[in-house]
Each structure stands twice: as C-alpha cells, then as structure tokens.
Amino acid sequence: MTCTSDTRAAALPLASRIGQVNQRLKGWEAVRWVDGAPHVTDVLRREVDRWGGLGALYGVLRADPWSAVRWDNGIPPERSAEAYAAVQDHVNTFGDGIPVLFVEEAPHGLMALGGTTLPVNLALGAGMDAELTEELAAAVAAEARARGTHVALVSGLDVLRDPRWGRAEECFSEDPALAALLVAATVRGMQGTASTGDPIDGSHVAVVAKHLAGQGAGIGGRNGSGAPIGRRELGEIHLRPAHAAARVGVAGFMAAYNDVDGVPCSANEELLTGTIRDQWGWDGLVMADGTAIDRLRDSSPDPAFAAALALKAGVDLSLWDEAFTHIEPAIERGLVEEAVLDRAVDRVLALKRRLGLLGSPTPDQPAADAGASEAPSARDLVELVDRAARQSVVLVDDGGLLPLRPGQTLAVVGPNADDLDAQLGDYTPPRPAPDPGASTVRSALTARFGADNVRYAEGSRLRGPLDAAPADTPRAGAPHALGRHALDAAALDQVRAASAGADVCVVVLGGTSRRTYDDEFADNGAVDGPALDTTNGEGVDLSSVALPQAQLDVVRAARAGGTPVVAVVLDGRPRTLTELRSLTDALLVVPFPGPTGGEAVAAALCDGAASGRLPATFPAADGVMPVAHDERMETARGYVDTDVLQRLPLGTALLPGITARQTGAAPSVAASALATGGTAHLTVEVTNAGTEPRSVPVPLYARRHEPGVRPRRRQLLAVRRVTVAPGATAEVGFELGLDELGSWASGAPVAEPVTLSVWCTPESDPPAHALPVRVTDQNGATPWER
C-alpha cells in the first residue's frame, strides 16, 4: 500500500492494524551491528511478515547490562540513523510501508552509547530550576532526534511518597507542585510544543511521560504494588504532574504497573479515558508499561481478555506484551469492538503524523537536517550539566568547617568517595573510556588540593563491610569468619590512618543504582539478582532506608582520632540520617548528580556553592515511613519512642548569608476571577549578605483552610530561582493563579473560595509572619471566615 499523510485505520487490513498497536520487540534484538554495519535479524523479519509492519520499535540504541550492549558490540553514536534506516527499509520493502516509531529511554539523558548523562530527576528537584530543566530537556531532545529517535520515554509523573521505593531517583520530588513544574518544563523542552495538536519538528522528540498514576504510593514502597488511596489523594498528589504534562501537549502517557484501589492502571478506563481525555480534553497516545498487559492475567481469564481490558480502558500501544497479539480473537469473541481497535490505531498514526513521518519520502531520517545544527555545542551542554550538578548539592549543616581552606590536608574516605558509577543513577548507558569530563569526590578534591594533601581509604562497601570479593561479582564463598573479620578491621584501620593528622575528613556515603553485566534481570529489565552492592533502582526496593552499619562504622573510624568530619551522602532516595548527624560535624546531601558530580561536591565544600534544597523529606527513623512535608495534620501525638518531627522536611537547606521575607499586604482574589486567569500577587525580598553572587531557590509554602477537610501540614505553592548580587536584596514576585490557589481534589485545578496561610521561610507550620491569602466568593468572603 502507499502511505500518505491522511492514512487512517479504516484503510488498513486487520493484521496491519494489530501490528500498529504492538511494540513487542526489543530493538537490540531486532537490529545487530555486525562487521561495521546494521543488520536486521530474523526476529524483525518474522514480526513484519506476521503483521505487515510495526507500530513502534523500542530500544534500537539502548545500551546497558540488560540489553548486554557495550561499546564493543553496540551501534556507534554517529551511525545511529543507519540502524534505524535498516528497519524502515525492511518495512518499506516487505511490509505495509507505514513508518515505524523509534522509541528510546531518556530518564536522565538518552540511554544510548555516547548519550549525555544528566543528574537524575531527584537531583533536578533539589535544584528547583525550571528554566535549566527545560534547557537540559531541549538539549537531550536535539541529541536524540539528530540520531533519528522519534519518541523518548521520560520519567517525571511519579511523586515520591515512600523512600523505600527503589525508583525514588526517577521522581522530581515528593511534592506534586514541584513535580508538575519540572515535568512541564521537561515536556516543553523536549517537544518544543504547547499543545497536542502542534507538530514536533526535527530538533525535538515526542515525549511519553511515565508513569500514570500513583506508582510512588505503592504499599511498603514495593515497585508495582497497589496504591490504596482515595480519589482526593490521587487528584491532589498523583494526577497534578500528569495534568501539567497534558496541558503543555505531551504526546503520550505510559500507564503504570500498579493498581489504584484494586484497578490496574493499564485497565483503568476511568483514568485513561474518563480523566485524561474526557475531563482534561487531552488527545494523545497511551502506552502500557513493559509487559503490563500480560500482567493483567491475574485479573482476566486469558490473554485475549487482558488485551480487551486494556484496549477498552484506553491503552493504544503495548510494550513487549504477548497479550496484544490476541486482539483478533478478542474481537471475534465480542470482548472488544473493532472500532475500539481503530481508535487506538488512529492515535498511533496521529503521533506519526505529528512527527512528520506519514507522507515523508524518507521517514527514516530526522524530520529536518537543521535539527542537529540547532543542538547546543558539546561545550554548552557540558556547562548545563555541570550547573545542574552543582544545584543538586544540599548543605544541611556546615558545622563551622566550610568552606574548606586552601592548603588543608584532607582525608577522603568511604564507599562512594571514588566510585563514578555511584553518581550516575539507574538507566545509564556505559560511560566512554577514557572519560575525561567525569570526576569523583576524591579526584575533584585531589585536583584542588594536590595528591600529597589528599589521603584515601574506601573503608566499606555500601551494604556491608569490605572483604576480599569484588563488589560487582558474585562470590563463590565468603571468607571464613576470622579472615573476613581481619579484612574488615584492616579496612577501618586504613580509614583511621588516613584521618589521623588530617585537618578535615570527608566521608562519602550513600547508595548506588549500579547494574553490572553479570546481574540477572526480570522480563522488564528490573534488577532480579544478584546485584551484591546495588542499593537503588528498579527492582531494588528496601525495607530499611537507614544507612547500613558498615557505613556508619567508617564514620566512627574517621572521627576516632578527633578529626572533624564532613559527611557527603550521595544517594537516589531519602535516607534516615539521625544517627549520622550525631557522628558528624557537617553534612551535605546530593541526589545522584551525574558524571561531573565529584566537582560539584568539591565546589560546595570549597567555594560555598551549595544551593540545592531537599526535594523530599528525610525520615527521622525507619519506623516513621512513609512521611512527607505535606502529610495531613494528625489528631494524635504520634509515636512514643520517636519524634516524627525530627525529620528533615522538603526544602531543608543551609544557605549561608541568605535571608528571605515577604513584603506587602495580604492579597485577595475572587474565585470567579481566579477561574478566568486572575492572580494574587506576593513579593519576597531575598538578601545576600555574602561576598559572592548566589543563585538560590525561593519557595513559597502554604496551609489551606477548608471547612470539613483536614489540612495538609504544609504545601509548596510555588518556587523560583533568583540570582542575588553580593550585599544586595532582590525582589522576587509571585503571581499566584489557579494552579497555586485552586483545589486539585479532582486532578485538575478548580477555583473555590478558601483561605491560605502563606510563608517563605523553612518552618513546617505557619509562622507568625505568614500572610493570609484569600480566594473569595461573590460576597467577598471565604468559608473560613463565616
């Protein structure tokens, strides 16, 4: 057949239509790089023969331990388009001629050889910088599209409500307002569009935002477990980022693995059709998560029934599922109407049309050759990544030790002090070798202070004591007790020796999402074993987020001789830091900052450059999880053995020399005006008493007062980054509109009369200087005042 720009489902035979909604293949198995050229495999040939074409192909460029793709067997970055072209040529020659969508992972940079690795989302959440987030997203999109990629799978919808969840690093925050701000910036940057009707040009990619919805609220922090939450909680917390993405024209959503109150997201018609389409007016494509439709077998009698459930709910494109190959018998059995399949096919075709693929004579190439030339230079991109890494560093305590002084002798110890992999996060392609732009904390401090002034000792592993076996390979057998004890003692003795006589000891602790090529993986790529020293990432949920005793033993050894200790926690999830704080003099927290993270930490230690804020709450103890800064007020006193409020709430940071205060009168806005674009204006004055300019995030917090609704302790209303000159005061204006002042109980903002207490300082409860902001009814009053 001839593919034209007006191709519709009705013009296609049934087999081709089923092929358009299937994305069963893993790209690295469909295309191999052999003898310096791409070759399509029998896996691809059989699929095209069966369906006459492909809707989409995932992961042609993916490189990581699950795909087993490395630098020596993967597709060279500069020849990516050739691999894609081999697929398109085969479909054009032997199939229906409808171009294939090429889909790749891009959770924090393109997951391909040579792809730029960014700090993880949680690190961008610490930076609270929407403009920088958008710039980074645009750079990643340009890089991907220049290589021929059409669609990027991008994390950002998940809201971090339980730090035990291994995928915490993929969340921007525990706060829905911050997550919404940054996911909207990401979609704008990657797509370059403002609505689902806008075409996506040759320097941008379509975004499928994941995951919809509630995955961050799984029971016990277990990946894919149910989210037993009510409609208000779903709307206020978990749908708000998705609404923000829909409003800026996100091309697609990925339905999550989990259920919400018992209904799996990939079979949830109320969510995938009623909410995002009928209520919000969004018109894009819904993709199921990998094997999620096959997982509906626990709620359906057979694969055809599972396929019908997902199609009727609103899923348009599967991912690695067998169930969607059973659509024809599902139609024959009357489980789903053929028109429902056509609806899904037309949505897949609409995305291809939006990307300029239908009717294009060379759909295998980027839509415009100008795309690559518009990408930022390598130097500019490095600068953006460096800035994001520096903004991710959170100073919790400085203990009077910082900044470090030139000429000091340092001990740099701990399992993450010299481990680049520990800075990168999950879903990261292998780094090139050599890797001259990368830095660890040890290498960065050595560059600043000189090798003679920096002493190093590893001290322990992340999950246990140091012993004779490599951290990334299975052990045939552990050393006998006496031998292992001697090895552990020797490792801690090395820490004591390094620290003795040093001016300051920097102890670098935390976690890692490292995957190795010897690990085992589930059918969706999650870690399945052994991952001996991995502590984070998909498939690595923890029952305890306390720092392991082996790491705390390193801290004890470091301070045994009385040397002042600065702790740096490099991690992808909130940790319980209560005991660590009692053992250290100063503390920095750094969500996985990427390959240049070592220099970012060194800058914070030496230059006073830390400007991040905690993007999520760090619990006081394991037994008080889940915990969030915006949890609802409680009527009981809490635990008798632990003070819940000893936690470190979202927004915590020590910004030396920086103060903020609200100015002006308390504003009011009518609900009717708010609904049509009206705002309430607030001004915050930020003063920098230091001697250097500072870029700092300025948050506004609020507590809503609604009769009959138990309030959240504190919510983030808005946040802006501002640069303040030394010795100067900057005014930061906030226009609080429907998003900030409206009710999100339904998952979309609604203007309702309400009174809010608003403040800009770090308190968890409204301080005396909080301003009342009023959204009034037709009588100029609010329900709280009656």
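Which backbone nitrogen does the side chain of S439 reach? The legends below, for a predicted model, start with the whole chain and come to this contact in the last view.

**Figure 1. Overview of the protein chain in the predicted model.** The chain holds 22 helices and 26 strands. Its radius of gyration is 26 Å, close to the 28 Å given by the globule rule for 786 residues, so the chain is as compact as a globular protein of that length. The C-alpha trace spans about 80 × 75 × 50 Å along its principal axes. Of the 786 residues, 62% are buried. When contacts between residues at least 6 apart in sequence are considered, 78% of them join residues at least 24 apart. The exposed surface of the chain comes to about 27,300 Å², and carbon and sulfur atoms supply 50% of this area.

**Figure 2. Close-up of the open sheet of 6 strands with parallel pairing.** The strand order is 3-4-5-6-7-10. Strand 3 (56–58) and strand 10 (285–288) stand at the edges; each has a single partner strand, so one side of each lacks a neighbour in the sheet. On average, neighbouring strands of this sheet are turned by 30° against each other, direction ignored. Within the sheet, strand 4 (residues 101–105) pairs with strand 5 (residues 151–155) in the parallel sense, over 3 bridges. V103 is placed opposite V151 of strand 5.

**Figure 3. Close-up of the open antiparallel sheet of 3 strands.** The strands follow the order 19-21-24. The edges are taken by strand 19 (658–663) and strand 24 (729–736), each with a single partner strand, so one side of each is left without a neighbour in the sheet. Here neighbouring strands are turned by 25° against each other on average, direction ignored. Strand 21 (residues 680–688) is joined to strand 24 by 8 bridges, and the two run antiparallel. T683 stands opposite G733, a residue of strand 24.

**Figure 4. Close-up of S439 and the residues it touches.** S439 belongs to the loop between strand 12 (410–413) and helix 16 (441–449). Is this residue buried or exposed? With a relative accessible area of 9%, S439 is buried, since the cut-off for buried is under 20%. The opening question is answered in this view: the side chain of S439 reaches the backbone nitrogen of E599 at 2.9 Å. Leaving aside residues up to four places away in sequence, S439 touches L420, Q423 and A444, together with P595, T596, G597, G598 and E599. E599 thus appears both as the partner of the S439 side chain and in the list of residues that S439 touches.

Technical notes
Residues are numbered from 1 along each chain as its sequence is written. This is a predicted model: local features need pLDDT of at least 70, side-chain atom pairs count only at pLDDT 80 or more; totals for chains, interfaces and linings use all residues. Side-chain values use heavy atoms; hydrogens and water are left out. Two strands pair if DSSP finds at least two bridges between them. Helices (H or I, at least four residues) and strands (E, at least two) are DSSP runs, numbered from the N terminus. Axes are lines fitted to C-alpha atoms, for helices over the stretch in contact, and angles run from 0 to 180 degrees between N-to-C directions. Buried means under 20% relative accessible area, exposed over 50%, partly exposed in between (1.4 Å probe, protein chains only). A polar contact is a pair of N or O atoms within 3.5 Å; within protein, one must be able to donate a hydrogen and the other to accept it, and residues adjacent in sequence count only if both atoms are side-chain atoms. Contact means heavy atoms within 4.5 Å. The radius of gyration is taken over C-alpha atoms; the globule rule is 2.2 Å times the number of residues to the power 0.38. Accessible areas come from the Shrake-Rupley method with a 1.4 Å probe; for residues, only the protein chains shown count as cover.
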